[in-house]
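Open the model in your viewer and colour it by chain. The tour below goes stop by stop, with something to select at each one.

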Amino acid sequence: MAECHPVGFQWVMEAKARGARVIHVDPRFTRTSAMADQHVPLRAGSDIVFLGAIINYVLTNELYFHDYVLSYTNAATLVSEDFRDVDDLDGVFSGYDPQSGSYDPTSWAYEDVAEPAAAGTDRQAPAEHEESAGHATGSQGASEEGAAHVHRDETLQHPRCVLQILKRHYSRYTPEMVERMCGVSQEDFLAVCEAVTANSGRDRTTAFVYSVGWTQHTVGVQYIRGAAILQLLLGNMGRPGGGILALRGHASIQGSTDIPTLFDILPGYLPMPKAGNSDTLEDYLGRISTSSQKGFWSDARSYAVSLLKAWWGEKATADNDFCYDYLPALTGDHGTYQTVMDMIAEKVEGYFLLGQNPAVGSAHGRMQRLGMSHLKWLVVRDFNLIESATFWKEGPEIATGEMRTEDIGTEVFFFPAASHVEKDGTFTQTQRMLQWHHQAVEPPGDCRSELDFFYLLGQKVRERLADSTDERDRPLLDLTWDYDREDGRPGASADAVLREINGWELTGPDHNERGDMLSSFTQMKPDGTTAGGCWIYTGVYADGINHSASKKPGSEQSWVALEWGWSWPANRRILYNRASADPDGKPWSERKAYVWWDEEAGSWTGHDVPDFPKTKAPSFRPEPGTPGPAGLAGDDPFIMQADGKGWLYVPKGLLDGPLPAHYEPQESPVRNPFYSQQSNPTRQVFKRKDNLSNPSAGAPGSDVFPYVFTTYRLTEHHTAGGMSRWSGYLAELQPEFFCEVSPELARERGLDNGGWATIITARTAIEARVLVTDRITPLTVEGKRIHQIGLPYHWGVGGGGALVSGDSANDLLGVTLDPNVHIQESKASSCDIQPGRRPTGPALLRLVDTYRSRAGITVETSNTLRGEA
Amino acid sequence: MSARKTLLSWPVVRQLTGTDPLGRGAAAQSQKTRDWTARTETADRVVQSVCPYCAVGCGQRVYVKDEKVIQIEGDPDSPVSRGRLCPKGSASEQLVNAPGRQRYMLYRRPHGTDWERIDLETATDMVADRVVASRAAQWQDVDQEGHALRRTMGIAALGGATLDNEENYLIKKLFTAMGAIQIENQARI
């Protein structure tokens with residue numbers, strides 16, 4: 001955090017100054033470790049064991065926050081007797097189909113809950129392993145039939161209640177196992193357990209902070225789930241000083257998920273339609289929520305219809321299901337890695353790169369560049385001639401002779417982009433806060449914002465199709481596309497777009513005239529009388545005021561600072577903050593008071609905007625089975641969940657299991673000691689000659705790649721370098737690509753500090769300057785010495801005008817993905833390292849070939865889903 | 001300058017009588033230094049912005065003179081950052097003004113060996129033509145079982161995490177209306 005989010009880290013230091021204990025768990029010693037009370041180096045890829053053992057410590061010693069857990073989580077809920085855990089089935093949960101490498105989650109359901117409405121139709125055999133939680137169910141969690149009336153055991157003793165299932169599941173996650181698998185001493189581990197539990201409860205809260213490297217594993221979603229289970233058990237969710245805080249790495253990466261430039265969702269986490277199970281609006285809505293579940297997803301019709309009205313205006317009517325059929329449908333994984341493989345197969349003709357440099361920033365740079373070389377046309381919009389714009393001229397494959405410039409038919413358009421000070425608009429930062437940035441100057445030369453570019457492109461495409469009678473062009477021609485600037489200058493008005501995102505009432509005889517701006521998503525209507533482009537952002541323009549531009553100085557307002565920017569939803573700064581009060585609505589303690597029930601006023605109040613129906617009393621109990629927001633009891637703080645509770649156990653919605661189970665990375669020097677199942681049996685593998693994997697432990701040839709490497713960022717650079725390697729100040733601060741190795745590994749391999757090393761995987765070999773440092777600790781895992789190598793990934797070769805360049809760490813990676821979200825495993829892979837520079841030209845390819853044959857690598861290597869590596 | 005004033009401005013006198021007895025600050029300051037002013041003081045206007053690098057969302061103050069950005073500083077009003085910026089945020093003036101920043105449209109024709117200059121409007125028209133053609137070439141009406149797809153697999157995009165919400169909104173809206181589903185950003189990476 002101190003490295004990559006330094007200004008955010010000031011608040012950790014403030015907390016430390018007030019007595020907080022700071023623990024840093026990371027393979028490397030960094031600036032964060034230097035400031036922490038305890039640094040715990042662990043083996044990359046072993047986090048589920050580490051988190052699971054803390055959970056086991058909490059359960060075994062009965063240190064969970066009983067009242068919170070009983071009332072606010074699904075700990076008491078009974079699970080189907082058909083459910084079997086991984087220890088019963090040698091490393092898979094019940095419902096696993098080895099043919100497709102995927103689960104039928106029916107047996108994971110709550111007891112006596114009917115077959116979840118969507119589950120039967122969601123899954124089609126041919127595409128099963130291409131499912132993702134996102135495009136199967138949207139990102140709204142899962143719909144759950146009958147979740148408004150589940151069976152509970154309030155004594156938490158029933159053998160099939162969630163808490164007892166957790167106890168059995170985690171019983172093997174012991175301090176001894178942490179020592180064996182993570183390389184962390186039992187003493188260090190227990191110090192963490194004691195600190196975390198001592199600092200949780202009524203009077204105290206503990207926060208978990210992660211950077212998104214945690215998501216870059218074949219079990220990435222289950223890493224986050226592990227933290228979620230622990231924080232729910234300790235009562236640290238929805239409370240000040242608690243939570244699981246994702247530190248995201250781009251100015252608006254949160255915003256680009258909320259209003260997604262992602263294939264599987266629509267704005268506000270509504271799912272994209274999927275062919276076969278959402279052919280009509282009714283089918284589609286049935287995937288999002290059912291008529292017998294609680295919470296605000298039950299109003300999905302209002303959110304979806306308002307979106308359709310925002311996009312297709314008066315053409316969207318009740319008679320035509322509001323143009324629902326104008327939406328295209330998915331048939332499986334259309335994520336970025338699948339798309340690149342489709343480029344190589346020449347199914348994709350054109351590609352827009354918008355402030356992103358996949359030749360350096362994505363896994364398997366060679367595959368990225370190969371994909372681009374098969375395109376008909378490529379649009380790169382950036383500040384500089386990044387490597388993704390110049391691959392045809394100066395990429396590494398030109399140097400090895402694999403590609404020739406003259407042979408590459410890709411037409412490349414480089415459009416210079418406007419910077420943040422040259423346009424108006426909002427970024428959504430990592431805690432869901434929208435902040436408006438004002439335009440300061442006009443962009444120079446041909447530089448333009450994406451807003452202006454895409455507004456103009458949309459106009460030009462529509463002009464070209466204006467006379468079309470083809471039904472397929474109706475969605476484009478009927479689209480509302482009118483964002484002219486009020487000052488008459490060319491281009492689009494960001495303010496007009498933000499107004500549409502917020503939404504408005506529709507008035508007039510046919511409800512097609514703009515009325516007042518909506519102030520809350522609860523005002524959205526299912527009948528087409530409101531429009532709004534992203535329901536969770538509704539309220540940012542409440543009362544016609546752009547609240548994202550609120551800039552009341554922090555020193556002039558409360559510590560929650562509700563008048564600086566605007567957080568979705570409804571300007572709530574801590575989600576699920578009903579949980580900051582006890583079941584009766586009183587603060588758990590004076591010290592941790594945040595939101596509470598005011599009996600006299602008959603409403604929720606506090607320091608933040610309450611994340612709960614404002615006048616619903618803590619004692620309120622609905623008629624059993626009441627669906628929707630009305631079905632939420634006064635003690636159901638998790639208002640988006642189908643049962644109103646925090647999910648320790650996930651009955652539906654994940655593709656790789658209802659609980660985190662430890663699996664080794666795709667490429668690991670360590671055998672999984674829990675079962676014969678080595679890696680995630682549902683991970684997404686691609687058996688291709690251009691995507692070979694190193695053998696994992698237990699398989700022949702694994703000793704050819706004995707080391708673990710992990711990639712990361714430096715303070716002075718930004719991701720693939722497009723915004724830092726062209727800056728004189730930043731390039732000078734961190735000029736050269738390097739690898740961090742321990743003195744012990746340096747001796748073992750003969751590496752000299754300041755000299756060169758070559759790092760080799762089944763994909764390629766790269767060279768880096770050697771930094772011999774105690775910051776990397778060799779670990780003892782299963783009695784074996786495990787060395788880890790640290791690689792910052794900011795450099796690339798061939799960028800036009802870059803002030804510094806170097807080999808790209810991401811070229812070492814293959815493509816193997818988490819099944820839920822299709823994110824690549826890029827934080828724990830295996831490699832070899834040798835002293836000296838890498839060969840150049842075709843000799844580089846020969847070196848990699850030698851390694852492949854020594855390790856006996858084929859397309860099958862490490863790609864068997866069920867069983868050992 | 002009067003003799004009295006000259007005497008009083010003598011560094012030793014300032015050091016002994018002023019607030020800087022160790023002579024490390026005000027007492028040692030020369031007239032030349034005193035006459036300097038920060039370039040932020042002579043700016044025509046100050047515009048509030050947000051740092052474009054990581055997702056902490058630090059407040060920035062952009063100083064503009066003669067319609068050029070002359071400096072970017074941390075915004076002390078921000079309750080997030082309290083005026084601080086990290087090395088990247090502090091260097092963001094160079095994002096705007098770096099001499100190497102590309103300011104003009106470039107084009108590489110198929111099989112071409114170098115960039116060519118091209119008019120921005122022409123290039124936008126060419127891209128629009130290609131979007132229309134590729135959209136049609138890879139169009140899919142229904143899947144094998146007859147379920148509606150209404151999409152094109154001919155066009156893809158990557159990027160958005162560095163862009164504004166309003167920009168992402170227009171991109172998603174336009175692509176979805178075109179039937180182009182393969183749209184992704186750093187959140188998947």
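How many residues do chain B and chain A each give to the contact? The model is a predicted one, and in it the contact takes 100 residues from chain B and 128 residues from chain A.

**Stop 1: the chain B side of the contact**

Select residues 165-178 of chain B, which form helix α7. With 13 residues, α7 gives the largest share of the side of chain B that touches chain A. Now select that whole side and colour it by residue class: 52 residues are nonpolar, 25 are polar and 23 are charged.

**Stop 2: two strands, one from each chain**

Next, select residues 350-354 of chain A, strand β9, together with residues 148-158 of chain B, strand β7. The two strands run parallel and are joined by four bridges. Show the side chains of Leu353(A) and Leu158(B): Leu353(A) stands opposite Leu158(B), which belongs to β7(B).

**Stop 3: two helices, one from each chain**

Select helix α19 of chain A (residues 450-465) and helix α6 of chain B (residues 120-137). Their axes are 9 Å apart, and the helices pack at an angle of about 55 degrees. That angle is why α19(A) counts as oblique to α6(B). The crossing of α19(A) past α6(B) is right-handed.

Which residues meet here? On α19(A), pick out Leu456(A), Leu457(A), Lys460(A), Val461(A), Arg464(A) and Leu465(A). On α6(B), they meet Thr124(B), Asp125(B), Val127(B), Ala128(B), Val131(B) and Val132(B). In this contact of α19(A) with α6(B), eight residues are nonpolar, one is polar and three are charged.

**Stop 4: the domains of chain A**

Hide chain B and colour chain A by domain. The domain assignment gives domain 1 as 1-37, domain 2 as 349-418 + 445-473, and domain 3 as 702-855. Keep domain 2 and domain 3 of chain A in view; their C-alpha centres lie 27 Å apart. Where they touch, 24 residues of domain 2 of chain A are in contact with 27 residues of domain 3 of chain A.

Which elements of domain 2 of chain A give two or more residues to the side that touches domain 3 of chain A? Select α15 (358-361), α16 (365-373), α17 (387-394) and α18 (396-400) of chain A. The largest share of this side, four residues, comes from α17(A). By class, the side of domain 2 of chain A that touches domain 3 of chain A has 10 nonpolar, 10 polar and four charged residues.

How values were computed: Residues numbered from 1 in each chain as written. Chains lettered and ligands numbered in written order. Predicted model: local features only at pLDDT ≥ 70, side-chain atom pairs only at ≥ 80, totals over all residues. Axes fitted to C-alpha atoms, helices over the stretch in contact; angles between N-to-C directions. Parallel < 35°, antiparallel > 145°, perpendicular 65-115°, else oblique. Left-handed = near helix turned anticlockwise from the far one by under 90°. Contact = placed C-beta atoms within 7 Å. Nonpolar A, V, L, I, M, F, W, Y, C, P; charged D, E, K, R; others polar. Domains from an automatic or database assignment. Pairing = 2+ DSSP bridges.
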